Amino acid sequence: QSQLSQALNGLSDRAKEAKEFLVQLRNMVQQIQENSVEFEACLVAQCDALIDALNRRKAQLLSRVNKEHEHKLKVVRDQISHCTVKLRQTTGLMEYCLEVIKENDPSGFLQISDALIRRVHLTEDQWGKGTLTPRMTTDFDLNLDNAPLLQSIHQLDFVQMKVSSPVPAPPILQLEECCTHNNSATLSWKQPPLSTVQVEGYILELDDGNGGQFREVYVGKETMCTVDGLHFNSTYSARVKAFNKSGVSPYSKTLVLQTSEDTQSEEQTLPFPVPLERSQLRRMSPFSSTLNLQPSFAGRSYFELRSSAHQLSLHSSLQSLNSAVDIKKMVAVAWFSFDPSSAHADIIFSNDNLTVTCNSYDDRVVLGKTGFSKGLHYWELSIDRYDNHPDPAFGVARIDVLKDAMLGKDDKAWAMYVDNNRSWFMHNNSHTNRTEGGITKGATVGVLLDLTRRTLTFSINEDQQGPVAFENLEGLFFPAVSLNRNVQVRALTAL
């Protein structure tokens, strides 16, 4: 019985692993479908770019043909006009000579005959060699050599196929090492014992403590993370997934955590300056403004703490945009990427969701993953591609903003839209404050959201663009951009 029980335990483990493997395979089906849609969108965008380039070249070549056409017509018409005048003069001279020949007065005829003979010979000489030869051929001496391009199109293929390798297995949360203390939570996880797939990092997600959407709070190689600044007396759900070059694993089982009851005010402050030995990266939740510092672990965090006395100051654009801001207080600097889940379907993501473009000529909206309701926040958007002078818009928006129109068309967005010469502020389809100065490829648009002063200000290439754009802002705002296929934008965050 003991031996059979041990054997059954081993078989039970295998059956459990098989069930988890089936879940992984089913998740792979969904991932393959999503990757297929994304890959098709990228392929269509690349082919459309080639088609656009070919159409532009076609227009240039047609312009040359039209110029050649006009030149030929002008030469022929000029020759027609010149020949018509000469023919009219010749015909007139011939008619006059015939009338003179009919003259019956010999003496009168002899008086003018010599002059007429010389004039007839002179006119005949003017119709000399080449006069009655066309100055222009009807053929177009242009030959389009499209053979190399056709050969290149026929050779168009994928340069490199992805090497098929398995995605990681879902991590296992180590319950004995997970705990909460006051309004902080420490979570620990590991890979399944039998997993041999290489893992490049992990993504830890928490909800908002009220059953809302999950958001990333940590991305890195460590297997333990402390999340500070949570709400007191709240229930949070946590989950983690692993990733490598092949993709992302399914989520681990969800762990429910309860923070402590609050015996004091949730809003806490710290004296300045912060000691240098505590100035490393911290984990701070985006869900409250509590700044409860604890040493944490290496990796990318949602927030980075900086002080004016002992750490890097805010970006120079922040100072130039709002020099009156007192930087002596604590500043929470947020890292975020663009959010595929809330974006319009035409948006194309790359560079770990930090770079976006579009496969439509119409304006489409994409939001950042992080929403802000308190504090001072600054980020920049680098214009990596700018073709045919479109009007991208930059700013902030509510989560339910229209995704199929320019940012600022409804009352859920506050934006600056800009072309290559000037910019305007727009909210609820109202355009204000036209300002000279536009963008080109390589330009940088800065967005300063000051929720302490409740204002929104913009800059272009680190110079403030126009006055303070919007005032009396209140609520939850997400970084937002609207663009079409002629623009590619890269987010520069955590400045």
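## Close-up views of a predicted protein model

**Figure 1. The side chains of Arg239 and Tyr251 form a polar contact in this predicted model.** The distance of this polar contact between the side chains of Arg239 and Tyr251 is 3.5 Å. Arg239 is placed in strand β7, which covers residues 235-244. Beyond four places in sequence, the residues in contact with Arg239 are Ile203, Leu204, Glu205, Phe214, Tyr251, Ser252 and Thr254. Tyr251 thus appears both in this list of contacts and as the partner in the polar contact.

**Figure 2. Val256 is an exposed residue of strand β9.** The strand that holds Val256 covers residues 255-258. Val256 counts as exposed because its relative accessibility is 54%, and the cut-off for this class is over 50%. When neighbours within four places in sequence are left aside, Val256 is in contact with Thr235, Tyr236 and Ser237. The view also includes Leu206, which is 50 residues away from Val256 along the chain. The C-alpha atoms of Val256 and Leu206 are separated by 9.7 Å.

**Figure 3. Thr226 is a buried residue of strand β6.** Strand β6 covers residues 224-227. Thr226 has a relative accessible area of 5%; the residue is therefore classed as buried, for which the value must be under 20%. The side chain of Thr226 makes a polar contact with the side chain of Thr186, at 3.1 Å.

**Figure 4. The largest nonpolar core has 37 residues.** Leu381, Leu449 and Leu456 are the residues with the most contacts inside this core. Strand β16, covering residues 376-386, gives the most to the core, with four residues. Apart from this core lies another, of 19 residues, which includes Trp189, Leu204, Cys225 and Val240. For Leu381, the contacts beyond four places in sequence are with Phe338, Phe394, Ala443, Thr444, Val445, Val447, Val481, Val489, Arg490 and Ala491.

**Figure 5. Cys179 and Cys42 are shown in a structure with zero disulfides.** A disulfide is a covalent bond between the sulfur atoms of two cysteines. For Cys179, the closest cysteine sulfur belongs to Cys178, at 7.6 Å. This distance is too far for a bond, because a disulfide requires sulfur atoms within 2.5 Å. Cys179 counts as partly exposed, with a relative accessibility of 41%. Cys42 is also partly exposed, at 28% relative accessibility.

**Figure 6. Asn353 has a positive phi value and lies in a loop.** Phi of Asn353 is near 65 degrees, a positive value in a residue other than glycine. The loop that holds Asn353 runs between β13 (347-350) and β14 (355-358). Asn353 has a relative accessibility of 22% and so counts as partly exposed.

**Figure 7. Arg454 has a positive phi value and lies in the loop between β21 and β22.** For Arg454, which is not a glycine, phi is near 60 degrees. The strands on either side of this loop are β21 (444-450) and β22 (455-460). The relative accessible area of Arg454 is 33%, so this residue is partly exposed.

**Figure 8. Gly466 is a partly exposed residue in the loop between β23 and β24.** Strand β23 covers 463-464, and strand β24 covers 478-483. Gly466 has a relative accessible area of 23%. Leaving aside neighbours within four places in sequence, Gly466 is in contact with Phe425 and Thr435. Gly437 is 29 residues away from Gly466 along the chain. Between the C-alpha atoms of Gly466 and Gly437 the separation is 9.6 Å.

**Figure 9. Residues 263-332 have pLDDT under 50 and are set in the context of the whole chain.** For residues 263-332, the model has 162 contacts beyond four places in sequence. The mean pLDDT of the protein chain is 81, and 84% of its residues reach 70 or more. The protein chain has four helices and 25 strands. Of its 495 residues, 39% count as buried. Among contacts between residues at least 6 apart in sequence, 65% join residues at least 24 apart. The accessible surface of the protein chain is about 28,900 Å², and carbon and sulfur atoms account for 53% of it.

Definitions and conventions. Residues are numbered from 1 along each chain as its sequence is written. This is a predicted model: local features need pLDDT of at least 70, side-chain atom pairs count only at pLDDT 80 or more; totals for chains, interfaces and linings use all residues. Side-chain values use heavy atoms; hydrogens and water are left out. Buried means under 20% relative accessible area, exposed over 50%, partly exposed in between (1.4 Å probe, protein chains only). A nonpolar core is a set of buried Ala, Val, Leu, Ile, Met, Phe, Trp, Tyr and Cys residues joined through side-chain atoms within 4.5 Å. Helices (H or I, at least four residues) and strands (E, at least two) are DSSP runs, numbered from the N terminus. Contact means heavy atoms within 4.5 Å. A polar contact is a pair of N or O atoms within 3.5 Å; within protein, one must be able to donate a hydrogen and the other to accept it, and residues adjacent in sequence count only if both atoms are side-chain atoms. pLDDT is the predictor's confidence in each residue, from 0 to 100. Accessible areas come from the Shrake-Rupley method with a 1.4 Å probe; for residues, only the protein chains shown count as cover.
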